[in-house]
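Okay, thanks everyone for squeezing in. I'll put the structure up and then talk you through it.

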Amino acid sequence: MSFDVDALRAQFPILDQQVNGKPLVYLDNGATTHKPNAVIDAIAGYYRHDNSNVHRGAHTLSDRATARFEQARESVRGFINARSTDEVIWTKGTTEAINLVAFSWGRDNLKQGDRVLVSGMEHHANIVPWQILSAQTGAELVPIPVDDRGQLDMAAFTDLLDERVKLVSIVHVSNALGTVNPVEAIIEKAHAVGAKVMIDGAQAVAHWPLDMQALDCDFYAFSAHKMYGPMGIGVLYGKRELLEAMPPFMGGGEMIETVSFEGTTYNTLPFKFEPGTPNVAGAIGTGAAIKFINSLDRDAVAAHEADVLNYAVSRAKDYPGLTLVGDADHRAGVMGFVLEGAHPADLGMLLDQQGVAVRTGNHCAMPIMTRFGLTGTVRASFALYNTRADVDALFAGLDKAKTFLM
Ligand code: PMP
């Protein structure tokens, strides 16, 4: 299998449009990726033919919806190589998955004097739930420092590891810097002191195959919308023995076995954590996104993505007045930068006028912005349909923006 980017782009109808009179150059994939026809059609097809509530049907449509919903869960299981579909919990996304762990596992397992380690480059989704939990339990949230190139200080991490640490919750790929953290080493070191490890995989999942059994993390979270799937759905992977022992996060229909006013018993995994009517169309769309990704030569995709990102980084390094924010040896998908004399928000607006979509601001990662003495950056983030020509358009857009600003 080879990699034909034009053929691939043709599968994403949204890319074929003009924005502000210019061809769209979409470099905001860290925020969300676009959806191929296969995903759009799977969702529309579900609503056209099979729409019904799941797990409660005495009729054919409900049986069909249930079967497709559970097939999608099996697709996720295969995609991340979990041992069982019992370890695949549907959530609204990464944010809900982290909150689920915080307020189910965390409330049950953390007490005064315990520590949760996160990195200094976390998204707010992997900071704020732990702060809320710390206020309730007395556990302490401790950030692992980040060096000047945006890499985790592994020596500091090792020093912080002791028996007080009950959980290390760490981002796999930083959405602000693009840094790929050495999660394998982190998991091994954390386990050696008896801590559990949660990985925020929101920015990793689209870029390379994941293998939960090889990785041996305790929890892993991701969102479908950042891997060519729909919004409003994501996954919490958790090791079965942990999920079995955890109390429900939210109560309602579907997550129970029996309910009486004397007491309630809970459903088995994974349903214990899925109260209420789930996002069936979202699950089916996620299954379609996985099928789409699996239809590609993933090595070729990774090589293409690395080529485009490396090209962008090398052009950035030559660009007068530009400073990269985050320049890790191992990076993926994201390039953050500031330009001397130009506010990121102004640059974003002027790039948009050229049809170039980037994100500007703090990227829901204010602590790492503060670490670099900034309030925000411009972030170009890449997906498999981006090309070197998109990178050229970004820099041509910067040239033009400079004529307005300087
Ligand atoms: N973590 C990281 C690293 C992210 O990039 C994001 C999305 N920007 C999230 C968590 C939150 O994901 P979601 O909004 O899909 O829940």
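I'll start with the whole chain and then go into a few local spots.

So, first thing to keep in mind: this is a predicted model. Overall, we're looking at 14 helices and 17 strands. The radius of gyration comes out at 22 Å, and the globule rule gives 22 Å for 406 residues, so the protein is as compact as a globular protein of that length. If you prefer a box, the C-alpha trace spans about 70 × 55 × 35 Å along its principal axes.

What about the inside? Of the 406 residues, 56% count as buried. For the contact-map people: take contacts with a separation of 6 or more, and 71% of them are between residues 24 or more positions apart. As for the surface, the protein exposes about 16500 Å², with carbon and sulfur atoms supplying 53% of that.

Right, let's zoom in on helix α2, residues 37–50. That's 14 residues, reaching 19 Å from the first C-alpha to the last, close to the 20 Å expected at 1.5 Å a residue. Which residues of α2 are buried? They're Val-39, Ala-42, Gly-45, Tyr-46 and Asp-50. Look down the axis of α2 and those buried residues fall within an arc of 125°, so they line one face of the helix. Over on the other side of α2 you've got Tyr-47 and Arg-48, which are exposed. And what covers the buried residues of α2? The cover includes α3, 60–80, and α10, 280–294.

Staying in that area, go to the loop between α2 and α3, where Ser-52 sits. Is Ser-52 buried or exposed? It's buried: its relative accessible area is 14%, and the cut-off for buried is under 20%. Leaving out residues up to four places away in sequence, Ser-52 touches Tyr-46, His-59, Leu-61, Ser-62 and Ala-65. Tyr-46, you'll remember, is one of the buried residues of α2.

Next, helix α12, residues 344–353. Its buried residues are Pro-344, Leu-347, Gly-348, Leu-350 and Leu-351. What do they pack against? There are strands here, β14 (334–339), β15 (356–357), β16 (359–361) and β17 (377–381), plus a helix, α14 (388–405). One for the Ramachandran fans: just after α12, Gly-355 takes a positive phi of about 85°.

Now for something on the outside. Glu-257 is in strand β11, residues 256–260. With a relative accessibility of 57%, Glu-257 counts as exposed, because the cut-off there is over 50%. Exposed, but with some company: setting aside neighbours within four places in sequence, Glu-257 is in contact with Thr-265, Tyr-266 and Asn-267. How far is Glu-257 from Lys-272? In sequence they're 15 residues apart, and in space it's 9.0 Å, C-alpha to C-alpha.

Last stop, cysteines. How many disulfides does the structure hold? Zero. Quick reminder that a disulfide is a covalent bond between the sulfur atoms of two cysteines. Two cysteines to look at on screen: Cys-217 has 0% relative accessibility, so it counts as buried. Cys-364, on the other hand, is at 26%, so that one counts as partly exposed.

That's my tour, happy to rotate to any of these spots if you want another look.

Key. Residues numbered from 1 in each chain as written. Predicted model: local features only at pLDDT ≥ 70, side-chain atom pairs only at ≥ 80, totals over all residues. Heavy atoms only, no water. Helix = DSSP H or I, 4+ residues; strand = E, 2+ residues; numbered from the N terminus. Expected span 1.5 Å × (residues − 1). Buried < 20%, exposed > 50% of the residue type's maximum accessible area, 1.4 Å probe, protein only. Arc of directions from axis to C-beta. Contact = heavy atoms within 4.5 Å. Disulfide = S-S within 2.5 Å. Rg over C-alpha atoms; globule rule 2.2 N^0.38 Å. Areas by Shrake-Rupley, 256 points an atom, 1.4 Å probe, with all protein chains shown as cover.
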